[in-house]
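Okay, everyone, thanks for coming. I've got one chain to walk you through today, so let me put it up on the screen.

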Amino acid sequence: MTHRPRPWGRPFPALTALGPLSLAGLLVTGCAAPDPGPALSPDDTVKAATQLLTDRCLTAQGITPPRPGRRPGTQVQEEHLSDALFGAGRTELSLRLPTGYSVRAHTDGCLASAQRALYGDQRRWFEVSTVVNNLKPEAAYRKTSLTSVRAGHRAEFADWRRLREHALNRARDLLTHQKQQPQQQSIQQQEEETQ
């Protein structure tokens, strides 16, 4: 059995030729910017911003934001959470679909607040997203093609795209600002420690 030298046992030629200077350069460039990780899809970007906003809203009310796998609280706690998140009392927004179904939503609650912050016009977003999300059932109800139903809702599609783009831009700004805050706080703490 012959013994082969391990590749990591040999010095790197670049490091031996340039010495500590190249090592310092590698360390500085490696630490220059944190890896942002994989980019989020537009849907995931809006969802992440919505969750951030609803979490902030719930926390401001002294409520721990719900997470998957959490143990449910008492019935009173769960009702309080639901009211804070989705709104309480009589629904303020309502839309009757061509299929005969009615869709309702609240204008109060943390989710509604997040939608206003992202989309700008919660009422219009509710209307156009409800229509756009129910085109297939409408086509089935009318016994017509999805293409013809879409053609009948051009204005809603245009508003949906406009509001969605607005929300995506707001979400990107919000998430970028939120990522920068911990970095800025860390830099400030390091500066304070060195003084």
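Let me start with what I mean by a pocket. We lay a 1 Å grid over the protein atoms alone, and a pocket is an open set of points with protein on both sides within 12 Å along at least five of seven lines; a lining residue has an atom within 4 Å of a point. Grid points are joined across faces, edges and corners, and the volume is the space filled by probe spheres set on the points.

Before the pocket itself, some housekeeping. This is a predicted model, so local features need pLDDT of at least 70 and side-chain atom pairs count only at pLDDT 80 or more, while totals for chains, interfaces and linings use all residues. Residues are numbered from 1 along each chain as its sequence is written, and side-chain values use heavy atoms, with hydrogens and water left out.

Right, the overall layout. The protein chain has 9 helices and 2 strands; those are DSSP runs numbered from the N terminus, H or I of at least four residues for helices and E of at least two for strands. Reading from the N terminus, the order is α-α-α-α-β-β-α-α-α-α-α. Of the 195 residues, 27% are buried, where buried is under 20% relative accessible area, exposed is over 50%, and partly exposed is in between, with a 1.4 Å probe and protein chains only.

Now, how much space is in the second largest pocket? About 230 Å³. Helices α3 (42–60), α5 (110–119), α6 (122–133) and α9 (154–194) each give at least two residues to its lining, and α3 has the largest share, with 4 residues. The lining splits into 5 nonpolar, 3 polar and 3 charged residues. For that split, Ala, Val, Leu, Ile, Met, Phe, Trp, Tyr, Cys and Pro are nonpolar, Asp, Glu, Lys and Arg are charged, and the others, Gly among them, are polar.

Among the lining residues are Tyr119, Trp125 and Trp160, and ring pairs link those three into a cluster. Rings of Phe, Tyr and Trp (its six-membered ring) pair when their centres lie within 6.5 Å; planes under 30 degrees apart are stacked, over 60 edge-to-face, and the rest tilted. The count by that rule is 2 aromatic pairs. Tyr119 and Trp125 make a stacked one, 3.9 Å centre to centre with 10 degrees between the planes. Tyr119 is buried at 7% relative accessibility, and Trp125 is buried too, at 8%.

Tyr119 also turns up next to a histidine. His166 sits in helix α9 and touches Leu118, Tyr119 and Gly120, leaving out residues up to four places away in sequence; contact here is heavy atoms within 4.5 Å. The C-alpha atoms of His166 and Gly120 are 7.7 Å apart, with the two positions 46 residues apart along the chain. At 37% relative accessibility, His166 is partly exposed.

Over to α3 again. Which cysteines does the disulfide join? Cys57 and Cys110, S to S 2.1 Å, and the cut-off for that is sulfur atoms within 2.5 Å. Cys57 is in α3 and Cys110 in α5, so the pair ties together parts 53 residues apart in sequence. The link is left-handed, with -70 degrees about the S-S bond, and both cysteines are buried.

Last one: Asp55, also in α3. Asp55 is buried, at 15% relative accessible area, and beyond its neighbours within four places in sequence, Asp55 contacts Pro65 and Arg67.

Notes:
1 Å grid on protein atoms, 1.4 Å probe; cavity = no way out; pocket = protein on both sides within 12 Å on 5 of 7 lines; lining within 4 Å.
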